[in-house]
Amino acid sequence: MNTRIRVPETAAPGEVVEIRAMAMHPMDNGFMVTTQGATIPMHILTDFVCRYAGAEVFRVALGPGISANPIFAFRLRATETGPVEFEWTDQDGTVTTASSILTVA
Amino acid sequence: MGAGLVALAVLPRPAGATPDEVRAAIEADFGAVPPEAPGITVTVPPLAETGNAVPLGVEVASPMTEEDHVTRVAVYAEANPYAKLGEMRFSAASGAAWFETAIRLAGTQDILVVAETSTGAQFLARTRVVVVVGACTALSSRY
């Protein structure tokens, strides 16, 4: 699954920075019907979590009410240089990860 | 409700939730329906042309310290097929109880945002969104 993340390259110690993460996923809600009349079964991401400096800074339990290609913008407090790690979990258990280094100086 | 404003042939829509179902979902998640209280800022367009991707922004005022921070925020919709849209969790490391995302709305309705903090405080905000064409509506004229 394709993902896009935006993490600032640098931050001052203690600065609260904005993070953006998007995943390309249809988030089929189970209600759509093909032109042949077949119902498209539900297929969604169920979890998204962002970890930084040993803590979970943002976690989402997604439902079918979240739009397709789900995008989340959130914040974290920059404390130490290290990776900001992202993890998406599909309803079938597939896990997709991404990460980017945040330099704190 | 929103699809009734548009005179187009529509395929059958899924049954929507009711305010009672949302109340039951909030009680299941938070123990009780908390009172409406200031502190939650919900940013959502008052009118959305399509319910497929309605931008939603939520900010909960909080010092976000280890002793006092927002732990979770849940979003509910009173007329969506599924009453609960999602739940977001925060820690003191989040820096701010703030997020932006895009949600699906089946029609014009109230959305409820419920927040809970590490001190056990719970509060709620209610916002009305007018949706012209609901998300779960498959318009036959589109194909």
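Trainee: Okay, chain B first: what share of the area that chain B exposes do carbon and sulfur atoms supply?
Mentor: Keep in mind that this is a predicted model. Chain B exposes about 6100 Å². Of that exposed area, the part that carbon and sulfur atoms supply is 58%.

Trainee: And how many strands does chain B have?
Mentor: Start from the N terminus, where the run of elements opens with α and then goes on as β-β-β-β-β-β-β-β. So you get one helix, and the count of strands, with DSSP runs of at least two residues as the rule, is given for chain B as eight.

Trainee: Which residues is B:Val33 in contact with, leaving aside its neighbours within four places in sequence?
Mentor: Place the residue before you list its partners: B:Val33 lies in the loop between helix H1 (19–30) and strand S1 (40–43) of chain B. Once those near neighbours are left aside, B:Val33 is in contact with B:Arg23, B:Ile26, B:Glu27 and B:Leu124.

Trainee: Does B:Val33 count as buried, partly exposed or exposed?
Mentor: Buried needs under 20% relative accessible area, and exposed needs over 50%. B:Val33 has 35% relative accessibility, which lies in between, so B:Val33 counts as partly exposed.

Trainee: How much can I trust chain B; what is its mean pLDDT?
Mentor: In chain B, 85% of the residues reach 70 or more. Be wary of residues 1–12, though, where the pLDDT is below 50, even if this stretch has 19 contacts in the model beyond near neighbours in sequence. For chain B, the mean pLDDT is 87.

Trainee: On to the partner: what is the area buried between chain B and chain A?
Mentor: The contact takes 32 residues from chain B and 32 residues from chain A. On the chain B side, B:Tyr82, B:Trp98 and B:Arg104 lose the most area to chain A, together 26% of what that side buries. Carbon and sulfur atoms give 55% of the buried area, which comes to about 2500 Å².

Trainee: Which residue forms a salt bridge with B:Glu59?
Mentor: Across the interface of chain B and chain A the rule finds two salt bridges. In the one with B:Glu59, the closest N and O atoms are 3.8 Å apart. That salt bridge is formed by A:Arg75.

Trainee: Last one: which element gives the most to the side of chain B that touches chain A?
Mentor: The elements that give two or more residues to that side are S3 (54–60), S5 (84–89) and S6 (97–103) of chain B. With six residues, the one that gives the most is S6(B).

Conventions: Residues numbered from 1 in each chain as written. Chains lettered and ligands numbered in written order. Predicted model: local features only at pLDDT ≥ 70, side-chain atom pairs only at ≥ 80, totals over all residues. Heavy atoms only, no water. Helix = DSSP H or I, 4+ residues; strand = E, 2+ residues; numbered from the N terminus. Areas by Shrake-Rupley, 256 points an atom, 1.4 Å probe, with all protein chains shown as cover. Buried < 20%, exposed > 50% of the residue type's maximum accessible area, 1.4 Å probe, protein only. Contact = heavy atoms within 4.5 Å. pLDDT = per-residue confidence, 0-100. Buried area = accessible area lost by both parts, 1.4 Å probe. Salt bridge = Lys/Arg side-chain N within 4 Å of Asp/Glu carboxyl O.
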